[in-house]
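The following note is offered to a colleague who is meeting this structure for the first time. Its points are numbered for ease of reference.

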Amino acid sequence: MRNEMTDNKKTMKDKDFCTAVAERFSGDATATKLAPLVAEFLELLGTEHFTPMMELSVKNGESPVVFLNFWKINWRKEKATRELIVNATCSTKTAGRKLTEHFVSGGNKVTPAMCDYLYSVIGHPGSFPKLIQMLSKRAKQKSSFYDRNLIIGKNLTLLFRMVFDTLLHETFDNGAVVHLSDLGTFENSYKIGRKNATNDRPPGYFQFTPNFP
C-alpha cells in the first residue's frame, strides 16, 4: 500500500549527510576533528560488520539478524527466481514505540532524551563493546584503507553518537529520507491503517531499509 505520508519527502545521500553531521557537531572540538571520518566510519560499519553479518546469515540459512540491537532484519529467497528479499523491522515493539513517544512528548521535535534513548538501545552493554572492538581491529588490520583514528574505541563510540543523533534529526525533524550507500535507507516511517493511531501519537517508527544484497 502506498503511504502518502512518506511521499514527497526530501532525500539526503552520503555527502550531504556527512556535511549535516559536521554542521550539527561543529561546536564540539573532538567531534569536529572526527567529522571528516564519518564516511569512512559508515564504510567500516557497513563493509566490516553489516554485510559480513548478512552474508553469514544467508550462507547458514539463519533469519532474522539483529542489527545494532534496534532492527530485526528478515530475509527470504523467492521460490521462482531465488531472488533475495530483505526487510527490517524494530527488534522489539517497545524500541520503536518508545522512540516515537519521545518525539511526541518533545513536541514533535528530536530532544536530547530521544537521542539518549536510541543510543542506550544501540549501545547495549551486551553487544556494543564487542562491536567497537571488532571495528577497531578491522580498521587496524586494513590500515591502508582506514584512518588511524578509527582504531581508537572512544572515537568509534563518538562517531556512532554523531551519526545516529544526526539521523534522528534529519529523519524526524526534517522529514528526510537518508540514503547511506554502505548501510541502507533511514526514515521516520508511518503506517497507514493502524486502528489505535491518533493525531497526538502518530504511528511512526525509525525505519531502516538495508542495502543488501
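1. The lining of the second largest pocket in this predicted model comprises six nonpolar residues, three polar ones and one that is charged. Those residues are His-49, Met-53, Val-66, Leu-68, Asn-69, Ile-122, Ser-127, Phe-128, Lys-130 and Leu-131. With Asp, Glu, Lys and Arg counted as charged, the charged member of this lining is Lys-130, because His is placed among the polar residues under that rule. The pocket has a volume of about 160 Å³.

2. Which helix gives the most to this lining? It is α6, with three residues. Two helices, α3 (38–60) and α6 (128–141), each supply at least two residues of the lining.

3. The overall architecture may be set out next. The secondary structure of the chain amounts to seven helices and seven strands. Along the sequence these elements follow the pattern β-α-α-α-β-β-β-α-α-α-α-β-β-β. Of the 213 residues in the chain, 44% are buried.

4. An open sheet is built from three strands in the order β2-β3-β4, and their pairing is antiparallel. Its edges are formed by β2 (65–67) and β4, each of which pairs on one side only. From one strand to the next, the twist averages 30 degrees.

5. Within this sheet, the pairing of β3 with β4 can be followed residue by residue. Strand β3 (residues 71–77) and strand β4 (residues 84–90) run antiparallel and are joined by seven bridges. Trp-75 has Val-86 in β4 as its bridge partner, while Arg-76 stands opposite Ile-85 in the same strand, β4. The two strands form a hairpin, with six residues between them. In the turn, Arg-82 has a positive phi of about 65 degrees.

6. Aromatic contacts deserve a separate point. A pair of aromatic rings is described by the distance of the centres and the angle of the planes. The count of aromatic pairs comes to 19. One of these is formed by Phe-186 and Phe-206, whose centres are 5.9 Å apart and whose planes make an angle of 35 degrees. The pair is tilted, because stacked planes must be under 30 degrees apart and edge-to-face planes over 60. It links distant parts of the chain, with Phe-186 in strand β6 (residues 184–190) and Phe-206 in strand β7 (residues 204–210), 20 residues apart. Phe-186 and Phe-206 are both buried.

7. Is Val-163, in helix α7 (residues 153–173), buried or exposed? Val-163 is buried, because its relative accessible area is 1% and the cut-off for burial is under 20%. The C-alpha atom of Val-163 is separated by 9.5 Å from that of Ala-35, although the two residues are 128 residues apart along the chain.

8. A further residue to examine is Leu-44, which has its place in helix α3. Its relative accessible area is 0%, and therefore Leu-44 is buried. Leu-44 and Tyr-146 are 102 residues apart in sequence, yet their C-alpha atoms are 8.0 Å apart in space. Helix α3 thus holds this buried residue and is also one of the helices that supply at least two residues of the lining of the second largest pocket.

Key. Residues numbered from 1 in each chain as written. Predicted model: local features only at pLDDT ≥ 70, side-chain atom pairs only at ≥ 80, totals over all residues. Heavy atoms only, no water. 1 Å grid on protein atoms, 1.4 Å probe; cavity = no way out; pocket = protein on both sides within 12 Å on 5 of 7 lines; lining within 4 Å. Points joined across faces, edges and corners; volume = space filled by probe spheres on them. Helix = DSSP H or I, 4+ residues; strand = E, 2+ residues; numbered from the N terminus. Pairing = 2+ DSSP bridges. Phe/Tyr/Trp six-rings, centres within 6.5 Å; stacked < 30°, edge-to-face > 60°. Buried < 20%, exposed > 50% of the residue type's maximum accessible area, 1.4 Å probe, protein only. Axes fitted to C-alpha atoms, helices over the stretch in contact; angles between N-to-C directions.
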